[in-house]
Amino acid sequence: MKRIALPERPDWREQAKSVGFGFHEMYGEPYWVDNAAYLFNYEQIEEDIEAPSQELHEMCMDLVADVITSEESLEKLQIPDEMRDAVRQSWLRGDRHLYGRFDLAYMGKGPAKLLEYNADTPTSIFESAYFQYDWLTDQIAAGTLPEDADQFNSLQECLVEAFRQFPSEGVFHFSTLLDNEEDRGTTTYLMDCAIQAGHQVELIDIRNIGVDRTGRFTDLQDRLIERCFKLYPWEVMFKEPFSAHLPTAGGVFVEPLWKSILSNKGILPLLWERHPGHPNLLPSYFADDPQAQNLANYVRKPLFSREGESVSLFEDQQLVVENPGIYGAEGYVVQALAPLFDVDDVHAILGSWIVGDVACGLSIREDESRITTNLSRFVPHLVVD
């Protein structure tokens with residue numbers, strides 16, 4: 001694994017604009033990096049990233065089956081009392097899920113370490129599945145990369161196949177906050193994958209979802225919403241007024257209600273408790289666990305947090321890096337500190353994608369900070385022998 005410099009494609013910004021990738025710059029800073037890439041060999045991909053990601057996903061699915069039967073675990077995860085039965089029923093019904101992303105620390109050798117599982121609303125799927133693949137084919141066509149250069153990337157094919165597993169009758173709604181350009185772009189891309197899978201689709205701002213007199217969710221045309229992808233966190237949805245109707249709504253939403261368990265950083269200590277010493281896990285504890293005091297170098301994370309907000313790094317039990325934010329009221333976990341791959345003080349985190357139940361893609365984000373934030377950059381990758 002190494003970071004290499006490559007020529008920037010002269011027209012990549014125009015290409016990005018033409019395919020709806022308007023968020024290649026965010027907050028006035030570049031987000032997409034076109035003149036560099038992370039290089040892997042097949043052994044690193046297959047043995048150190050793909051196979052462990054598959055195992056981690058299976059461990060997480062087994063964890064859900066345990067958690068739904070444990071009031072103690074649901075309490076630790078701060079699943080609201082009034083939603084617990086609905087979460088259980090979602091799992092017991094087998095409500096279908098779509099995708100998620102493991103964030104991994106990886107140094108190019110040795111086991112990758114799980115930092116967290118973005119199992120509910122992971123963004124960067126468009127740039128991972130589509131735009132970085134276009135980057136690869138353009139670089140090969142320009143002669144910059146050899147013809148046998150590859151990527152760990154079957155994301156789009158897997159997404160289309162995953163959407164084929166959902167019933168095709170009726171309208172498949174897609175919802176997010178449409179005034180957020182990144183969220184809208186991500187949702188629109190997934191909607192296009194659903195169209196390729198044969199679905200009739202409709203885009204709706206999540207704030208415009210209504211409820212009829214019988215408590216069923218409806219769109220702006222007063223049509224019943226029978227199936228709806230939502231790029232909107234469950235822990236936020238639980239606080240919305242219409243959440244009172246979730247327990248009787250059935251399996252309307254994708255991701256399903258049971259994903260509220262896996263999108264919670266409280267799964268990190270629960271996984272460690274069940275699989276102590278696992279090579280792909282880091283020692284992790286709820287912050288009020290006495291064992292947490294035994295960690296000298298660790299990261300403190302809220303149960304719910306987005307884009308690295310409210311995360312703190314400690315070395316020798318002294319605070320060294322802190323990213324302020326609004327999260328933490330529900331509690332924290334602490335996780336042993338793992339070194340990140342870095343080049344010239346730029347730190348990289350791997351995103352290993354799960355679609356359906358298959359590990360099928362890789363993305364890389366890098367940041368000058370040791371805490372990956374909303375200003376992190378996306379860098380494409382390639383795989384060669």
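Colleague: Which backbone oxygen lies 3.2 Å from a polar atom of the Gln 335 side chain?

Modeller: That of Leu 114. Keep in mind that this is a predicted model.

Colleague: Is Gln 335 buried or exposed?

Modeller: Gln 335 counts as buried, because its relative accessibility is 2% and the cut-off for buried is under 20%.

Colleague: What does Gln 335 touch?

Modeller: Leaving out residues up to four places away in sequence, its contacts include Leu 114, Leu 115, Leu 268 and Leu 282. Pro 283, Ser 284, Tyr 298 and Lys 301 are also among them.

Colleague: Which strand is Gln 335 in?

Modeller: Gln 335 is in strand β17, which covers residues 332–336. Of the 5 residues in β17, 4 are buried, so the strand is largely enclosed by the rest of the structure.

Colleague: Which strands do bridges join to β17?

Modeller: One is β13, residues 284–286, joined to β17 by 3 bridges. Another is β14, residues 298–302, joined to β17 by 5 bridges. The run is antiparallel for β13 with β17, and antiparallel again for β14 with β17.

Colleague: Which residues are the bridge partners there?

Modeller: On the β13 pairing, Ser 284 has Gln 335 as its bridge partner. Ser 284 is also one of the residues that Gln 335 touches. On the β14 pairing, Arg 300 is partnered with Val 334, and Lys 301 stands opposite Val 333.

Colleague: How many residues of β14 are buried?

Modeller: 4 of the 5, so β14 is largely enclosed by the rest of the structure. β14 is also joined to β15, residues 311–315, by 3 bridges, and those two run antiparallel. In that pairing Tyr 298 stands opposite Phe 314.

Colleague: Change of topic. What is the strand order in the parallel sheet?

Modeller: The order is β8-β7-β11-β12, an open sheet of 4 strands. Its edge strands are β8 (200–205) and β12 (253–254), each pairing on one side only.

Colleague: How many bridges are there between β7 and β8?

Modeller: There are 6, in the parallel sense, with β7 covering residues 171–176. Thr 176 stands opposite Asp 205 of β8.

Colleague: Which helix packs on that sheet?

Modeller: Helix α7, residues 181–196, packs on the sheet and touches β7, β8 and β11 (228–230). The direction of α7 makes about 165 degrees with that of β7.

Colleague: Cysteines next. How many disulfides?

Modeller: The count comes to 0.

Colleague: Why no bond for Cys 60?

Modeller: The closest cysteine sulfur is in Cys 360, 15 Å from the sulfur of Cys 60, and that is too far for a bond. Cys 60 is buried, at 0% relative accessible area.

Colleague: And how far is the sulfur of Cys 193 from the closest cysteine sulfur?

Modeller: It is 11 Å, to the sulfur of Cys 158, so also too far for a bond. Cys 193 counts as buried at 0% relative accessibility.

Colleague: How many aromatic pairs does the structure hold?

Modeller: The structure holds 27. One of them is Tyr 38 with Phe 341, an edge-to-face pair at 6.0 Å centre to centre and 75 degrees between the planes.

Colleague: Where are those two in the chain?

Modeller: Tyr 38 is in strand β4 (residues 36–40) and Phe 341 in strand β18 (residues 341–343), so the pair links parts of the chain 303 residues apart. Tyr 38 is buried with a relative accessible area of 0%, and Phe 341 is buried with 10%.

Colleague: Which rings are linked into a cluster?

Modeller: Ring pairs link a group that includes Phe 21, Phe 23, Tyr 31, Trp 32, Phe 126 and Phe 378.

Colleague: Last topic, helix α4. Which of its residues are buried?

Modeller: In α4, residues 81–93, the buried ones are Met 83, Arg 84, Ala 86, Val 87, Arg 88, Ser 90 and Trp 91. They pack against α2 (42–67), α3 (71–76) and α9 (259–262).

Colleague: What follows α4?

Modeller: Gly 94 does, with a positive phi near 75 degrees.

Colleague: And Glu 14, buried or exposed?

Modeller: Glu 14 is exposed, at 54% relative accessible area. Glu 14 is in helix α1, residues 12–18.

Technical notes: Residues are numbered from 1 along each chain as its sequence is written. This is a predicted model: local features need pLDDT of at least 70, side-chain atom pairs count only at pLDDT 80 or more; totals for chains, interfaces and linings use all residues. Side-chain values use heavy atoms; hydrogens and water are left out. Buried means under 20% relative accessible area, exposed over 50%, partly exposed in between (1.4 Å probe, protein chains only). Two strands pair if DSSP finds at least two bridges between them. Contact means heavy atoms within 4.5 Å. Axes are lines fitted to C-alpha atoms, for helices over the stretch in contact, and angles run from 0 to 180 degrees between N-to-C directions. A polar contact is a pair of N or O atoms within 3.5 Å; within protein, one must be able to donate a hydrogen and the other to accept it, and residues adjacent in sequence count only if both atoms are side-chain atoms. A disulfide is a pair of cysteine sulfur atoms within 2.5 Å. Rings of Phe, Tyr and Trp (its six-membered ring) pair if their centres lie within 6.5 Å; planes under 30 degrees apart count as stacked, over 60 as edge-to-face and the rest as tilted.
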